[in-house]
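Colleague: Please take a close look at the disulfides in this model. I would like to know what they join and how they sit in the fold.

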Amino acid sequence: MTTKPGRAHPRRSVTLRAWAFAPVIVLLLTGCAVGSPARFWLNAQRRLVVAGPMVGPFDSLMTLAPELCTVVKQMPGATAGNTREGQEYCGVIYQRNFESAFYASHPSTLSHPLPMAGRRKSCKPPEFVSDPDAQTINIYADYHSHPAITGFSPEDLQLRTQRYYFRMMFNPVCEIRLYDFQGRTVFILEGGQFVPVKRITDDLRGE
């Protein structure tokens with residue numbers, strides 16, 4: 001079953017909605033074996049849905065993030081840099097059933113239609129999670145990988161790209177960054193803690 005994202009507040013839960021009877025356009029992940037379950041798809045309204053969970057439960061983002069990066073960087077093209085073979089992956093981090101534990105969904109490889117400068121890669125943050133064990137889901141953050149050893153791109157920090165209050169990204173060496181949209185602060189994971197490293201100004205947010 002599929003849930004609608006919690007957007008207005010990171011702790012807000014959203015009641016499960018059933019999309020099981022709606023027709024869907026199924027898009028299999030690159031590299032999946034024939035006949036394996038779809039990990040992401042477009043629903044009847046052409047909204048991006050991802051399956052979950054892929055990893056979890058974890059008691060904090062600090063413990064979830066390294067495991068998530070380890071799993072994603074094994075996927076095709078995840079460490080290939082900004083080459084033709086490079087691939088960016090986008091998913092979400094969520095809580096379910098009013099519990100405090102964190103889970104990460106499978107990622108999507110759907111990208112934006114326009115090419116990025118410098119052959120950089122892109123992907124679209126999902127809007128829904130399909131988790132068969134969830135009665136309610138609160139999407140806490142989106143996450144994405146960079147196939148090159150970089151930090152947040154200018155587009156990552158733009159207000160127009162915001163869907164949730166938090167955004168996590170990581171690169172092939174598992175440098176993990178977290179962006180707090182409301183707090184306008186970028187953190188980096190060091191020694192098991194998120195340490196603030198940059199304050200985001202209005203011009204960087206595109207305001």
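Modeller: Start with Cys174: its relative accessibility is 24%, so Cys174 counts as partly exposed. Bear in mind that the model is predicted. Cys174 is joined by a disulfide to Cys69, with an S to S distance of 2.1 Å. This pair links distant parts of the chain, 105 residues apart. Cys69 is in helix α1, while Cys174 is in the loop between β11 (166-170) and β12 (176-180). Cys69 has a relative accessible area of 0% and is therefore buried. The link of Cys69 and Cys174 is left-handed, with -100 degrees about the S-S bond.

Now the other pair. Cys90 is joined to Cys123 by a disulfide, S to S 1.9 Å. Cys90 lies in strand β7, and Cys123 in the loop between β8 (102-104) and β9 (128-130), so the disulfide ties together parts 33 residues apart in sequence. The torsion about the S-S bond of Cys90 and Cys123 is about 75 degrees, so this disulfide is right-handed. Both Cys90 and Cys123 are buried.

The count comes to two disulfides. With the bonded cysteines numbered in sequence order, the pairing is 1-4, 2-3.

One residue between α1 and β7 is worth adding. Thr83 is found in the loop between α1 (61-72) and β7 (90-96). Thr83 has a relative accessible area of 28%, so Thr83 is partly exposed. The Thr83 side chain reaches the backbone oxygen of Ala80 at 3.0 Å. The C-alpha atoms of Thr83 and Pro147 are 8.8 Å apart, though 64 residues separate the two along the chain.

Note on methods: Residues are numbered from 1 along each chain as its sequence is written. This is a predicted model: local features need pLDDT of at least 70, side-chain atom pairs count only at pLDDT 80 or more; totals for chains, interfaces and linings use all residues. Side-chain values use heavy atoms; hydrogens and water are left out. Helices (H or I, at least four residues) and strands (E, at least two) are DSSP runs, numbered from the N terminus. Buried means under 20% relative accessible area, exposed over 50%, partly exposed in between (1.4 Å probe, protein chains only). A polar contact is a pair of N or O atoms within 3.5 Å; within protein, one must be able to donate a hydrogen and the other to accept it, and residues adjacent in sequence count only if both atoms are side-chain atoms. A disulfide is a pair of cysteine sulfur atoms within 2.5 Å.
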